[in-house]
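Q: Please take a close look at the largest pocket of this protein. What lines the pocket, and how does the rest of the chain stand around the residues involved?

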Amino acid sequence: MPPRRRIDPTAGSTAVRAWLTDLEQSGPGIDRAALATAVRYTLEELGARAPGRSVEVRVPPYGAVQCLPGPRHTRGTPPNVVEVDAPTWLALATGRTTWAAALETGRMRASGQRADLSAYLPLLRGAEPG
């Protein structure tokens with residue numbers, strides 16, 4: 001069963017749209033609260049689409065989610081971890097960048113055999129579920 005949503009989908013979509021608009025207009029950046037909402041909403045979307053506990057996706061300082069079915073960890077650092085900054089995560093979630101490009105630039109680290117989420121991305125087209 002996927003985790004219960006904590007971010008209202010309407011608020012999440014609005015925050016993602018604000019981020020996309022700012023990105024397209026080369027604006028000064030959306031405020032921290034809206035960025036946090038966009039990140040948390042997209043992490044929840046990943047958890048809902050790929051439920052499980054075998055990979056942990058971290059977007060510090062905004063949030064983390066465990067996803068993908070398979071062996072799960074119970075203590076310490078999980079064997080499959082993806083860590084990425086917020087702008088890169090949102091670019092992945094919305095299709096503005098690819099998994100390979102995010103790894104290549106060094107803005108994302110993925111460790112473990114199951115830590116490739118490219119089959120699950122992008123999560124959203126524009127700001128709507130894709």
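A: The pocket is described below, followed by the chain as a whole and some single residues.

This is a predicted model, in which local features need pLDDT of at least 70, side-chain atom pairs count only at pLDDT 80 or more, and totals for chains, interfaces and linings use all residues. Residues are numbered from 1 along each chain as its sequence is written, and side-chain values use heavy atoms, with hydrogens and water left out.

About 250 Å³ of space lies in the largest pocket. A pocket here is an open set of points on a 1 Å grid over the protein atoms alone, where a 1.4 Å probe fits, with protein on both sides within 12 Å along at least five of seven lines. Lining residues have an atom within 4 Å of a point. The volume is the space filled by probe spheres set on the points, and grid points are joined across faces, edges and corners.

The lining of this pocket consists of 12 residues, and those nearest its centre are Arg 6, Arg 40, Leu 43, Glu 44 and Ala 64. Two elements, α2 and β2, each give two or more residues to the lining. Strand β2 supplies the largest share, 4 residues. Helices (H or I, at least four residues) and strands (E, at least two) are DSSP runs, numbered from the N terminus. By type, the lining residues divide into 6 nonpolar, 2 polar and 4 charged. In this count Ala, Val, Leu, Ile, Met, Phe, Trp, Tyr, Cys and Pro are nonpolar, Asp, Glu, Lys and Arg are charged, and the others, Gly among them, are polar.

Glu 44, one of the residues nearest the pocket centre, lies in helix α2. Glu 44 counts as buried because its relative accessible area is 16%; buried means under 20%, exposed over 50%, and partly exposed in between, with a 1.4 Å probe and protein chains only. Apart from neighbours within four places in sequence, Glu 44 is in contact with Arg 5, Arg 6 and Ile 7, where contact means heavy atoms within 4.5 Å. Arg 6 is thus named both among the contacts of Glu 44 and among the residues nearest the pocket centre.

Arg 49 also lies in helix α2. With a relative accessible area of 33%, Arg 49 is partly exposed. Its C-alpha atom is separated by 21 Å from that of Pro 87, which is 38 residues apart from Arg 49 along the chain.

Now the chain as a whole. The protein has 4 helices and 6 strands, which run α-α-β-β-β-α-α-β-β-β from the N terminus on. Its radius of gyration is 14 Å, in agreement with the value near 14 Å for a compact globule of 130 residues. The radius is taken over C-alpha atoms, and the globule rule is 2.2 Å times the number of residues to the power 0.38. Along the principal axes, the C-alpha atoms fill a box of roughly 40 × 35 × 25 Å. Of the 130 residues, 42% are buried. Among contacts between residues at least 6 apart in sequence, 60% join residues at least 24 apart.

Several loops hold backbone features. Ser 26, in the loop between α1 (9-24) and α2 (32-49), has a positive phi, near 50 degrees, though not a glycine. Ser 26 is exposed, at 66% relative accessibility. Leu 68, found in the loop between β2 and β3, likewise has a positive phi, near 65 degrees. Leu 68 is buried, at 4% relative accessibility. Thr 77 is in the loop between β2 (63-67) and β3 (81-84), and counts as exposed because its relative accessibility is 63%.

Two peptide bonds are cis. One joins Pro 60 and Pro 61, with omega about 0 degrees; Pro 61 lies in the loop between β1 (55-59) and β2. The other runs from Leu 121 to Pro 122, with omega near 0 degrees, and Pro 122 lies in the loop between β4 (108-111) and β5 (124-125).

Finally, Ala 102 is placed in helix α4 (residues 99-105) and is buried, at 3% relative accessibility. Beyond its neighbours within four places in sequence, Ala 102 contacts Thr 88, Leu 92, Thr 97, Arg 107 and Met 108. The C-alpha atoms of Ala 102 and Glu 44 are separated by 20 Å, with the two residues 58 apart along the chain.
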